Amino acid sequence: MGKKVLVTGGAGFIGSNFIQYAVPRRDDWEIVNLDKLTYAGNLENLKEVEGAANYKFVKGDITNNELVNYLFEKYRFDYVVNFAAESHVDRSILGSEAFFRTNVLGANVLLEAARRFGVEKFLQVSTDEVYGSLGEEGLFTEQTPLSPNSPYSASKAGADVMAKAFHHTYGLPTVITRCSNNYGPYQFPEKLIPLMIINALHNKELPVYGDGLNVRDWIYVIDHNRAIETVLENGKPGEVYNVGASREMKNIEIVKLILKILGKPESLIKFVKDRPGHDRRYAIDSSKIKKELGWQPEFEFEEAIVRTVEWYKNNENWWRRIISGEYQKYYEKQYSNR
Ligand code: NAD
Ligand code: TYD
């Protein structure tokens, strides 16, 4: 039987990769993409699926109760995948209000509508950042207590506990995925990897925060999206699934690798003032999703990072249009005086 699928935030980095992955493969899904098109939402990411019979775009805000209820009434969704979020830690440090509105209130509006109309599965796309920061040793498991440190991760944790409470209280079949740092095509160039690639292509300084020894655990975006597809179909209601590819890297290692792939000198690296409250290390244990649902990452980091760098090299038009506009103002604010 076909499924009606509400995807929110489908014009952003991970959501647009999800839709591009799903539309051609899942003719049993009718996908409705609800996206506000904030600075991070870009319909150019979705050119390839425009006009597909099983895909529709709706411009709108997940905090808009009336619109969300109208869509649930009209389509009677079987599945909801909530990607929509303000997603950048540095912006959440400059101001947290939009983060609270979209990430907490928006998730709540969607959960309420799902409760009212009923759904088969509600997947809240979350992050390993809700667990806080690790020391030198250890991994985040699904049992690690929530201890978010940034306004971004605090707002994501807010949505997670609300999704859990809706399962506990109302029996709503919610599932949560907590994934580590993603990389791949269409990532907005405020995030580490695309920012460094684009700066290097311009022979511009690469601003590394603090000592550059903070660790992130990297996963290719398609592997994350395959995990989302798996959890949507087979995840057990009320459960949390960590998602990661066990590829820890220090920031400085990633930056040097990007320079090496592009044949640019390390003299472009500039150590700048650290991010306030900067989490030291993230590393995720994804044995539960592997054991219980049979998911495995497929992409090798060494290959996929080269592929990603190549994509940015070959898609200059895509990022040029972004950095010429509103993003430029953010860049000035974020990196002047550092
Ligand atoms: P992104 O910033 O690239 O995209 C977010 C999308 O949400 C944009 O298209 C934006 O227009 C849309 N949006 C924002 N506010 C909205 C609102 N009020 N109503 C409707 N749409 C709205 O983010 P991303 O990196 O693709 O992240 C997607 C999700 O995955 C987020 O929930 C994020 O917390 C989570 N996540 C991201 C990562 C990562 O490494 N990027 C890792 C784990 C989890
Ligand atoms: P980011 O891509 O913002 O993801 P997150 O903070 O959600 O993990 O940053 C990844 C790491 O790179 C993080 O430790 C901060 C660091 N970083 C820099 O050193 N310089 C930069 O310009 C940016 C954007 C990030």
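**Entry 1: a small sheet**

Before counting sheets I noted the rule I follow: two strands pair if DSSP finds at least two bridges between them. I also reminded myself that this is a predicted model.

With that rule in hand, I looked up an open sheet of three strands, ordered S7-S9-S11, and its pairing is mixed. Strand S7 (181-183) and strand S11 (248-250) are its edge strands, each pairing on one side only. From one strand to the next, the twist averages 50°.

I then followed the link between S7 and strand S9 (residues 215-220): the two run parallel and are joined by three bridges. Asn181 has Trp218 in S9 as its bridge partner. Helix H8 (residues 251-262) packs on this sheet, where it touches S9 and S11, and its direction makes about 80° with that of S11.

**Entry 2: the seven-stranded sheet**

Next I turned to an open sheet of seven strands, which I read in the order S3-S2-S1-S4-S5-S6-S10, with parallel pairing. Which strands stand at the edges? They are strand S3 (55-59) and strand S10 (240-243); each has a single partner strand, so one side of each is left without a neighbour in the sheet. Neighbouring strands here are turned by 20° against each other on average, direction ignored.

I kept a general note beside this: strands of a sheet pair through backbone hydrogen bonds, either parallel or antiparallel.

Then I went through some of the pairs:

- S1 and S4 pair in the parallel sense over four bridges, and Val7 stands opposite Val81 in S4.
- S4 and S5 run parallel and are joined by four bridges; the partner of Val80 in S5 is Phe122.
- Strand S6 (residues 174-179) is joined to S10 by four bridges, and these two run parallel; Thr177 has Tyr241 in S10 as its bridge partner.

I stopped at S4 to check its faces. Both are covered: Tyr79 and Val81 are buried on one side, and Val80 and Asn82 are buried on the other.

**Entry 3: helices across the strands**

I looked for helices lying across this sheet. Helix H4 (residues 97-117) lies across strand S1 (3-8), strand S4 (79-82), strand S5 (121-127) and S6, and runs at about 165° to S5. Helix H5 (residues 151-170) lies across S5, S6 and S10, and runs at about 155° to S5.

**Entry 4: helix H7**

How far apart should the ends of helix H7 (residues 221-234) be? At 1.5 Å a residue, its 14 residues should span 20 Å, and the end C-alpha atoms are indeed 20 Å apart, so the two values agree.

I also checked how covered this helix is: 12 of the 14 residues of H7 are buried. Among them are Val221, Asp223, His224, Arg226, Glu229 and Leu232.

**Entry 5: three buried residues**

His88 came up in the loop between S4 and H3. Is His88 buried or exposed? Its relative accessibility is 4%, and because buried means under 20%, His88 counts as buried. Leaving out residues up to four places away in sequence, His88 touches Tyr39, Phe99, Glu190, Lys191, Arg275 and Tyr330. I also traced it to Phe188: the two are 100 residues apart along the chain, yet their C-alpha atoms are separated by 9.7 Å.

Gly132 sits in the loop between S5 and H5. At 0% relative accessibility, Gly132 counts as buried too. Beyond its neighbours within four places in sequence, Gly132 is in contact with Phe140, Ser147, Pro148, Asn149, Asp279 and Tyr282. Arg280 is 148 residues away along the chain, with 9.2 Å between its C-alpha atom and that of Gly132.

Ser126 has its place in strand S5, and at 5% relative accessibility Ser126 counts as buried. Not counting residues up to four places away in sequence, Ser126 touches Lys156, Asp160, Ile176, Thr177, Arg178 and Cys179.

**Entry 6: the largest pocket**

Last, I looked up the largest pocket, which holds about 190 Å³ of space. Its lining includes Asp90, Ile93, Leu94, Lys273, Arg275, Pro276, Lys333 and Asn337. Helix H3 (89-94) and helix H12 (326-335) are the elements that give two or more residues to this lining. Which element gives the most to the lining of the largest pocket? That is H3, with three residues.

I closed the page with a link back to Entry 5: Arg275, one of the lining residues of the largest pocket, is also among the residues that His88 touches.

Methods. Residues are numbered from 1 along each chain as its sequence is written. Chains are lettered from A and ligands numbered from 1 in the order in which they are written. This is a predicted model: local features need pLDDT of at least 70, side-chain atom pairs count only at pLDDT 80 or more; totals for chains, interfaces and linings use all residues. Side-chain values use heavy atoms; hydrogens and water are left out. The expected span of a helix is 1.5 Å times one less than its number of residues. Buried means under 20% relative accessible area, exposed over 50%, partly exposed in between (1.4 Å probe, protein chains only). Axes are lines fitted to C-alpha atoms, for helices over the stretch in contact, and angles run from 0 to 180 degrees between N-to-C directions. Contact means heavy atoms within 4.5 Å. On a 1 Å grid over the protein atoms alone, a cavity is a set of points where a 1.4 Å probe fits but cannot get out, and a pocket is an open set with protein on both sides within 12 Å along at least five of seven lines; lining residues have an atom within 4 Å of a point. Grid points are joined across faces, edges and corners, and a volume is the space filled by probe spheres set on the points.
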